[in-house]
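This report goes through salt bridges, cysteines, a helix pair and some individual residues. The sequence and the model are shown first.

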Amino acid sequence: MSAKEKGARELFKSYLSNKLEIKRLLSDTCHEVDTVHGSTAEAPYTPRQFRISGVNGSQVTANRIRREQLEAECAYVEAAIARAPNSQIRTILELWTYEDRHWDEVAAFLASGGVDASEASVKQTAYRYFKDLDEKKNK
């Protein structure tokens, strides 16, 4: 499923796991080792096992494609947070997305700064923004 097919909420929710997967894909060398059966090149032809190793080119390509997809999804989320209409929405989204805080923790953080916020209100604010993003994406 591409970033265009996923909803904004789903993209935001998967942000941290996408970042981890990108890191794993970047460190994956796609190096494979296998054992094959054969014999020596000259008589007497003695059966033996040979160890072979190399880079799996198709896996390298698959990893690159997957990494580019995840990077595009993360870039979408980062841009959506950056262009949020006000700092309160940005704060809500940053805490929930980048710091993986629960809605009640986000509300408590805002309340500590003097903002009248409840768990339900911050969740509703974020969900409205996700809905707006989805509507803009589908136009």
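The text below describes a predicted model, beginning with its charged pairs and ending with its backbone geometry.

**Salt bridges**

The model contains seven salt bridges, and the three set out in the table are among them, each with the separation of the closest N and O atoms.

| Salt bridge | Closest N and O atoms |
|---|---|
| Lysine 6 and glutamate 73 | 3.0 Å |
| Glutamate 68 and arginine 64 | 3.3 Å |
| Glutamate 99 and arginine 101 | 2.9 Å |

Lysine 6 forms its salt bridge with glutamate 73, and this pair links distant parts of the chain, since lysine 6 belongs to the segment before helix 1 (8-13) while glutamate 73 sits in helix 3 (residues 57-82), 67 residues apart. Both partners, lysine 6 and glutamate 73, are buried.

The salt bridge of glutamate 68 with arginine 64 lies within one helix: the two residues are four apart in helix 3, and therefore about one helical turn separates them. Glutamate 68 is partly exposed, its relative accessible area being 38%, and arginine 64 is likewise partly exposed, with a value of 36%.

In the pair formed by glutamate 99 and arginine 101, glutamate 99 has a relative accessible area of 46% and is partly exposed, and arginine 101, at 26% relative accessibility, also counts as partly exposed. Elsewhere, Glu21, Arg24 and Arg66 are joined into one network by salt bridges that share partners.

**Cysteines**

How many disulfides does a search of the whole structure find? The search returns zero. A disulfide is a covalent bond between the sulfur atoms of two cysteines, and the cut-off applied to the sulfur pair here is 2.5 Å. For cysteine 30, the closest cysteine sulfur is that of cysteine 74, and because the separation is 19 Å, the two are too far apart for a bond. Taken from the other side, the sulfur of cysteine 74 has its closest cysteine sulfur in cysteine 30, again at 19 Å. Cysteine 30 is buried, at 5% relative accessibility, and cysteine 74 is buried as well, with a relative accessible area of 2%.

**Helix 5 against helix 6**

At what angle do helix 5 (residues 103-112) and helix 6 (residues 119-137) pack? The angle is about 105 degrees, and the axes are 8 Å apart, which means that helix 5 is roughly perpendicular to helix 6. On the helix 5 side, the contact is made by Trp103, Asp104, Val106, Ala107 and Leu110, and these meet Glu119, Val122, Lys123, Ala126 and Tyr127 in helix 6. By residue class, this contact of helix 5 with helix 6 comprises seven nonpolar residues, three charged ones and no polar ones.

**Two threonines**

Threonine 97 is located in helix 4 (residues 87-97) and counts as buried, with 2% relative accessibility. When its neighbours within four places in sequence are left aside, threonine 97 is in contact with Phe12, Tyr15, Leu16, Val77 and Ile81.

Is threonine 35 buried or partly exposed? Threonine 35, which is placed in strand 1 (residues 31-39), has a relative accessibility of 41% and so counts as partly exposed. Residues up to four places away in sequence not being counted, threonine 35 touches Gln49, Phe50 and Arg51. Between the C-alpha atoms of threonine 35 and glycine 7, which are 28 residues apart along the chain, the separation is 45 Å.

**Backbone geometry**

Some backbone values also deserve a mention. The peptide bond leading from alanine 43 to proline 44 is cis, its omega being near -5 degrees, and proline 44 is located in the loop between strand 1 and strand 2 (47-55).

Cysteine 30, already described as buried, is not a glycine and yet has a positive phi of about 60 degrees; cysteine 30 is in the loop between helix 2 (15-27) and strand 1. Aspartate 100, although not a glycine, has a positive phi of about 55 degrees, and its position is in the loop between helix 4 and helix 5. With a relative accessible area of 54%, aspartate 100 is exposed.

Methods:
Residues are numbered from 1 along each chain as its sequence is written. This is a predicted model: local features need pLDDT of at least 70, side-chain atom pairs count only at pLDDT 80 or more; totals for chains, interfaces and linings use all residues. Side-chain values use heavy atoms; hydrogens and water are left out. A salt bridge is a side-chain nitrogen of Lys or Arg within 4 Å of a carboxyl oxygen of Asp or Glu. Buried means under 20% relative accessible area, exposed over 50%, partly exposed in between (1.4 Å probe, protein chains only). Axes are lines fitted to C-alpha atoms, for helices over the stretch in contact, and angles run from 0 to 180 degrees between N-to-C directions. Angles under 35 degrees count as roughly parallel, over 145 as roughly antiparallel, 65 to 115 as roughly perpendicular and the rest as oblique. Contact means heavy atoms within 4.5 Å. Ala, Val, Leu, Ile, Met, Phe, Trp, Tyr, Cys and Pro count as nonpolar, Asp, Glu, Lys and Arg as charged, and the others, Gly among them, as polar.
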